[in-house]
Amino acid sequence: MSADVARRIALGAQGFADPRPAAPPTRRHLQRVLSRIRLLQLDSVNVAVRAHYMPVFSRLGAYAPSLVDDAAWSHSSRKPRLLVEYWAHEASLVPVEDWPLFHSGAKRRGWWHNHAATAEREPQLVEDILAVVKELGPVGAGAIEKALAGGGPRNKDHWGWNWSEVKTICEYLFGAGALTTGTRRGFERLYDLTERVLPPEVLARRVSAEEGARELVTRAATALGVATEPDLRDYYRLAPARSQQAVRELVEEGVLEPVQVHGWPAPAYRHVDARVPRTVTGRALLCPFDPLIWERARTERIFDFHYRIEIYVPEAKRVHGYYVFPFLLDGRLVGRVDLKADRAAGVLRVQSAHSEPDTDHGRVAVELAAELRHMADWLGLEAVQVTPRGDLAPALQAVVR
């Protein structure tokens, strides 16, 4: 297939060929987005908006963030929990029914296994933490420490991020599946027993590593539309051998169709149900952790768009900015903006604006300004202000004024 067809398949699989709803989005709209992308990545950076809210906005437009909050961190008989936290691509919200797949052995060994030595050295502390969570949960690591120490801090072991032993073991138990996030306060994870958060039928399901890999690769293929094996593997960070075996088996079963995409250096696979949109229209700002672009080599291959997150680059060496949002217009990545939500001033600040080669600055500026205004309204910000930095900034500044 041509690279253009592959690009349209990928955009359609991610939901960008669908028009945004005319009325305010509902839980049903959120479920449709989740059925496509399968997860929302979590990240602590809040310079513009939390990462798990933005992909839904990119696809639906302005919606109530409480839709995601209720789906992830509340439960009632009227609105059962749709999402649960786990290490999927990275820290992510995933559908509740997918929980057993992440405990099947299909994924690469998680970093939290590094905490096993602490848990083995402190078996009584493990039991005490579980007892406190059972009594007080949902509860944060700091409150657990106070409950265990009578108000005083426990010894620090200075591992990793300088966490206490309590936090270290909580994260180990989270990775092992004994604890999960009951809810969040701000962005603080409040732990609860997994058995109190997930339905019994989900907890009772046992999945082999082979079956888990096949199901996760199938989900990745649905989300990506057409992809190389490393693309499919990266979506859930699967073990290479498991992913490769799963791809072979899914090809034999007819779920994946081998294809050659012009210009792609490696063989690709198309999900049999992936459709080819005739055209892709509309616009969207994409956060750095959007699943359409998070695999940077794939982004460059599909869109000819070189993208790196520069948070950890010294300011003087940044090319495009601190927290840069690529701008999708009619199926192409045509520019990028470094955004900051200045909540105290009520301003969405565009700290730089850059275009891609051979773009129409006038049209891109008009469409981008409209999307920035839409995003500012969604965030409750009164104004958009453009700093004159980047080749697109003058045209964007003129439109915004």
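**Strand 3**

I started with strand 3, residues 91-95, and asked how many of its residues are buried. The count came to 5 of 5, so I noted the strand as mostly covered. I should say here that this is a predicted model.

Next I looked up what strand 3 pairs with. Strand 1, residues 40-41, lies antiparallel to strand 3, with 2 bridges between them. I picked out one pair there: Leu 40 has Leu 93 of strand 3 as its bridge partner. Strand 2, residues 83-87, also runs antiparallel to strand 3, and I found 5 bridges joining these two. Tyr 86 is bridged to Ser 92 in strand 3. The link from strand 2 to strand 3 is a hairpin of 3 residues.

**The largest pocket**

I then went to the largest pocket and wrote down a volume of about 720 Å³. Which residues come closest to its centre? They are Leu 42, Asp 43, Ser 44, Trp 87 and Ala 91, out of 28 residues in the lining. Going back to my first entry, I see that strand 3 covers residues 91-95, and strand 2 covers residues 83-87. I also checked which elements supply lining residues: helix 8 (165-176) and strand 7 (188-193) each give at least two.

**Strands 6 and 7**

Strand 7 made me look at strand 6, residues 179-185. Here 5 of the 7 residues are buried, so strand 6 is largely enclosed by the rest of the structure. I counted 6 bridges from strand 6 to strand 7, and the two run antiparallel. Arg 185 is matched with Glu 188 of strand 7 as its bridge partner. What sits in the hairpin between these strands? There are 2 residues, and I noted that Gly 186 takes a positive phi near 70°.

**Helix 12**

Helix 12, residues 229-236, was my next stop. I have it down as mostly covered, with 6 of its 8 residues buried. The buried ones are Glu 229, Asp 231, Leu 232, Asp 234, Tyr 235 and Tyr 236. I jotted down that the list holds Glu 229, Asp 231 and Asp 234 as well as Leu 232 and the two Tyr residues. Just past the end of helix 12, Arg 237 has a positive phi of about 55°.

**The five-stranded sheet**

Further along the chain I looked up an open sheet of 5 strands, with mixed pairing and the order 11-12-13-14-15. Which strands are at its edges? Strand 11 (283-285) and strand 15 (383-386) are, since each pairs on one side only. From one strand to the next, the twist averages 30°.

I took a closer look at one end of this sheet. Strand 11 and strand 12 (residues 324-329) run antiparallel and share 3 bridges. In that pairing, Leu 285 stands opposite Phe 327 of strand 12. Helix 16, residues 393-400, packs on the sheet. I found it touching strand 13 (332-342), strand 14 (347-355) and strand 15. The direction of helix 16 makes about 150° with that of strand 15.

**Domains**

Last, I looked up how the protein chain is divided. Domain 1 takes in 3-104 + 207-271, domain 2 is 111-203, and domain 3 is 308-398. I noted that domain 1 is written as two stretches, with domain 2 numbered between them. How many Å lie between the centres of domain 2 and domain 3? I wrote down 39 Å, taken over C-alpha atoms.

Key:
Residues are numbered from 1 along each chain as its sequence is written. This is a predicted model: local features need pLDDT of at least 70, side-chain atom pairs count only at pLDDT 80 or more; totals for chains, interfaces and linings use all residues. Side-chain values use heavy atoms; hydrogens and water are left out. Domain bounds come from an automatic or database domain assignment. Buried means under 20% relative accessible area, exposed over 50%, partly exposed in between (1.4 Å probe, protein chains only). Helices (H or I, at least four residues) and strands (E, at least two) are DSSP runs, numbered from the N terminus. Two strands pair if DSSP finds at least two bridges between them. Axes are lines fitted to C-alpha atoms, for helices over the stretch in contact, and angles run from 0 to 180 degrees between N-to-C directions. Contact means heavy atoms within 4.5 Å. On a 1 Å grid over the protein atoms alone, a cavity is a set of points where a 1.4 Å probe fits but cannot get out, and a pocket is an open set with protein on both sides within 12 Å along at least five of seven lines; lining residues have an atom within 4 Å of a point. Grid points are joined across faces, edges and corners, and a volume is the space filled by probe spheres set on the points.
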